[in-house]
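Student: Hi, I have a structure open and would like to talk through a few of its details. Could we go step by step?

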Amino acid sequence: MGCGPASSAPGSAQFGEATGMFWLDDVECKGHESNLFQCPSSPVGKHNCNAGEAASVTCLDPISLRFMNGTDKCSGRVEVYYNNSWTAICDNGWDIDDANVVCRQLGCGRARSAPGGAHFGMEPGDFWSYTVKCKGTESNLIQCQATSMEGGHCSLGYAASVICSGLYSIEQLFRLCLAAAVLVLLTIFLVLELRRKS
């Protein structure tokens, strides 16, 4: 649904009793599925639920990110849209794991580097966070631990930046080129075969 990660999963019709049909019951998701129908459950439409057992979920909004002053669309100073304005992230503790999450969230492959020290420049403004600590596997920066700027100090020369690999890695580009070459050779073979038969 594009609502970011879940913050809670209240039961007992937290947002009101169900008025329609129950489609799923006894749902046992692992958390990596892309939709509920991929999770083990009772057969679709088969249930023993009543209106007061409707499941609910509360999501965290995904954080909007962008790169500024980079050399391409997959590099630059990391900025977060917060409190109706774009703010930088302090580079205190900034590392490749944090950068990998940013690259993933922005569809830019994997991180090549995570430079600090305002590598891509800085404009006057606020900072969103003093430190960010990701494991590197998160899909959105909001899933990472972050400390507020309260009690922390970050000057303009300490903005976090990222350089991503781009949409494709070298290995992926090689595979794409190889597949294209095979397709061209196959097309040539088919054209020659059709000419030979006619």
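Student: To start with E3, which residues make up its covered face and which its uncovered one?

Tutor: Keeping in mind that this is a predicted model, the covered face of E3 holds Leu-65 and Phe-67, while Arg-66 and Met-68 make up the uncovered face.

Student: Okay, and how do E3 and E4 run, and how many bridges join them?

Tutor: The two strands run antiparallel, and four bridges join E3 to E4. In their hairpin there are six residues between the strands, and Asn-69 takes a positive phi near 65° there.

Student: What stands opposite Arg-66 in E4?

Tutor: That place is taken by Glu-79, and the side chains of Glu-79 and Arg-66 also meet in a salt bridge, with 2.8 Å from N to O. The pair links distant parts of the chain, since Arg-66 belongs to strand E3 (residues 65-68) and Glu-79 to strand E4 (residues 75-82), 13 residues apart.

Student: Is Glu-79 buried or exposed?

Tutor: Glu-79 has a relative accessible area of 7%, and because anything under 20% counts as buried, Glu-79 is buried. Its partner Arg-66 has 28% relative accessibility and therefore counts as partly exposed.

Student: Changing topic, how many salt bridges are there in total?

Tutor: The count comes to four salt bridges. One of them is formed by the side chains of Asp-95 and Lys-133, again with 2.8 Å from N to O. Asp-95 lies in the loop between strand E5 (85-92) and helix H1 (96-105), whereas Lys-133 is in strand E7 (residues 127-133), so this pair ties together parts that are 38 residues apart in sequence.

Student: What is the relative accessibility of Lys-133?

Tutor: Lys-133 is at 43% and counts as partly exposed, and Asp-95, with a relative accessible area of 21%, is partly exposed too.

Student: And which residue forms a salt bridge with Glu-193?

Tutor: That is Arg-196, and the closest N and O atoms of the two are 2.5 Å apart. Both residues sit in helix H2 (residues 170-197), and because they are three residues apart there, about one helical turn separates them. Glu-193 is partly exposed at 22% relative accessibility, while Arg-196 counts as exposed at 59%.

Student: One more thing, which residues do salt bridges with shared partners join into one network?

Tutor: Arg-66, Arg-77 and Glu-79 are joined into one network in that way, which brings us back to the pair of Glu-79 and Arg-66 we discussed earlier.

How values were computed:
Residues are numbered from 1 along each chain as its sequence is written. This is a predicted model: local features need pLDDT of at least 70, side-chain atom pairs count only at pLDDT 80 or more; totals for chains, interfaces and linings use all residues. Side-chain values use heavy atoms; hydrogens and water are left out. Buried means under 20% relative accessible area, exposed over 50%, partly exposed in between (1.4 Å probe, protein chains only). Two strands pair if DSSP finds at least two bridges between them.
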